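Work through the exercises below with the model open. Each task is followed by a stepwise solution.

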Amino acid sequence: MKIALGIEYNGQHYFGWQRQEKVRSVQETLENALSFVANEKIEVFCAGRTDSGVHGTGQVVHFETQAIRPEKAWAFGTNANLPDDIAVKWAKAVDDEFHARFSATARRYRYLLYSNKLRSAILPAGITHCHLPLNAEKMHQAGQFLLGEHDFSSFRAAQCQSNTPWRNVHHLHVVQKGEYIIVDIQANAFVHHMVRNIVGSLIEVGAGHQPIEWMKWLLEQRDRKLAAPTAKPDGLYLVKVVYPEKFVIPENKLGPLFLEDRLI
């Protein structure tokens with residue numbers, strides 16, 4: 001059988017999604033719980049490998065198994081063997097041709113900023129605190145220069161292993177909800193640290209340190225050294241993975257936290 005799962009996790013205490021030696025990862029923790037339920041070793045494949053400290057509300061994985069279990073057993077049984085900061089949101093048997101990564105047509109992320117001179121005691125985790133006042137409208141306008149297919153070398157980490165820096169950004173919205181600013185971005189795929197590097201540069205625009213047109217100039221320069229520092233991982237969430245309708249993959253509410261599905 002091939003099973004797909006929807007996974008939610010708080011990445012604060014994990015060294016990223018991918019299994020690694022001697023450090024705690026989301027993948028290894030999930031595989032251990034699934035292996036207990038299946039009574040055999042399980043290896044999962046994910047839609048997107050998130051970095052250390054990054055969260056997921058819409059991660060999708062798949063695995064193959066000889067074990068025959070009802071879908072609810074894969075969900076409830078696995079959750080019973082997972083820590084509180086990882087949860088299975090749904091489980092579904094899928095066709096052999098489905099692949100969590102290669103069948104995906106788009107990924108969607110949200111980045112949460114808390115814009116206040118002083119830190120928050122209520123939500124100290126799961127957000128990135130920015131002590132500078134930010135203009136969300138200017139950030140949104142600057143982000144529109146990134147729409148479409150471009151070379152994103154200016155927002156690509158040096159250690160990125162992708163064969164190409166070209167990506168197609170479907171939308172980029174920046175909205176403000178009280179003291180919280182949300183950057184919502186969807187693309188066919190992302191190069192390493194692309195969202196966090198974009199957010200870092202948008203903060204420079206929102207704080208008034210750079211003009212709106214600076215984002216267009218950065219994109220054209222194709223030089224990572226010219227852009228702003230990488231934003232922290234704390235506020236970043238993988239909220240959705242898009243698949244062709246034929247796979248009938250369930251959809252969760254996007255989140256995270258108090259955010260509704262539609263921000264605009």
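Rings of Phe, Tyr and Trp, the last by its six-membered ring, pair if their centres lie within 6.5 Å. The model used here is predicted.

**Exercise 1. Aromatic pairs**

Task: state how many aromatic pairs the whole structure holds, then classify the pair of phenylalanine 63 and tryptophan 74.

Solution.
- Step 1. A search of the whole structure gives 7 aromatic pairs.
- Step 2. In the pair of phenylalanine 63 and tryptophan 74, the ring centres are 5.1 Å apart and the planes make 70 degrees. Planes over 60 degrees apart count as edge-to-face, and this pair is edge-to-face.
- Step 3. Place the partners. Phenylalanine 63 belongs to strand β3 (residues 55–64) and tryptophan 74 to helix α2 (residues 71–80), so the pair ties together parts 11 residues apart in sequence.
- Step 4. Check burial. Both phenylalanine 63 and tryptophan 74 are buried.

**Exercise 2. An aromatic cluster**

Task: classify the pair of phenylalanine 98 and tyrosine 243, and find which aromatic cluster holds them.

Solution.
- Step 1. The centres of phenylalanine 98 and tyrosine 243 are 5.0 Å apart, with 55 degrees between the planes; the pair is tilted.
- Step 2. Phenylalanine 98 sits in the loop between β4 (86–93) and β5 (106–115), and tyrosine 243 in the segment after β10 (236–242), so the pair ties together parts that are 145 residues apart in sequence.
- Step 3. Phenylalanine 98 and tyrosine 243 are both buried.
- Step 4. Phe98, Tyr243 and Phe247 make up one aromatic cluster.

**Exercise 3. Two helix packings**

Task: describe how α1 packs on α2, and how α3 packs on α4.

Solution.
- Step 1. Start with helix α1 (residues 26–38). Its axis comes within 9 Å of that of α2, and the two cross at roughly 120 degrees. α1 and α2 are therefore oblique to each other. The crossing is right-handed.
- Step 2. List the contact. α1 supplies Leu30, Ala33, Leu34, Val37 and Ala38; α2 supplies Ala73, Trp74, Gly77 and Thr78. These residues split into 7 nonpolar, 2 polar and no charged.
- Step 3. Turn to helix α3 (residues 136–143) and helix α4 (residues 194–206). Their axes are 8 Å apart, at an angle of about 130 degrees. That makes α3 oblique to α4. α3 passes α4 in a right-handed crossing.
- Step 4. List this contact too. Lys138, Met139, Ala142 and Gly143 of α3 meet Leu202, Ile203, Val205 and Gly206 of α4. The tally is 5 nonpolar, 2 polar and 1 charged.

**Exercise 4. Serine 115**

Task: is serine 115 buried or exposed, and which residues does serine 115 touch?

Solution.
- Step 1. Serine 115 is in strand β5.
- Step 2. Its relative accessibility is 14%, so serine 115 counts as buried.
- Step 3. Leaving out residues up to four places away in sequence, serine 115 touches Cys130, Leu132, Pro133, Leu134, Glu179 and Ile181.
- Step 4. Take glutamate 179. Serine 115 and glutamate 179 are 64 residues apart in sequence, yet 5.4 Å apart in space, C-alpha to C-alpha.

**Exercise 5. Positive phi**

Task: compare the settings of asparagine 39 and arginine 222.

Solution.
- Step 1. Most residues other than glycine have a negative phi.
- Step 2. Asparagine 39 has a positive phi, near 60 degrees. It lies in the loop between α1 and β2 (45–46). At 68% relative accessibility, asparagine 39 counts as exposed.
- Step 3. Arginine 222 has a positive phi of about 55 degrees. Its place is the loop between α5 (214–221) and β10. At 46% relative accessibility, arginine 222 counts as partly exposed.

Notes:
Residues numbered from 1 in each chain as written. Predicted model: local features only at pLDDT ≥ 70, side-chain atom pairs only at ≥ 80, totals over all residues. Heavy atoms only, no water. Axes fitted to C-alpha atoms, helices over the stretch in contact; angles between N-to-C directions. Helix = DSSP H or I, 4+ residues; strand = E, 2+ residues; numbered from the N terminus. Parallel < 35°, antiparallel > 145°, perpendicular 65-115°, else oblique. Left-handed = near helix turned anticlockwise from the far one by under 90°. Contact = heavy atoms within 4.5 Å. Nonpolar A, V, L, I, M, F, W, Y, C, P; charged D, E, K, R; others polar. Phe/Tyr/Trp six-rings, centres within 6.5 Å; stacked < 30°, edge-to-face > 60°. Buried < 20%, exposed > 50% of the residue type's maximum accessible area, 1.4 Å probe, protein only.
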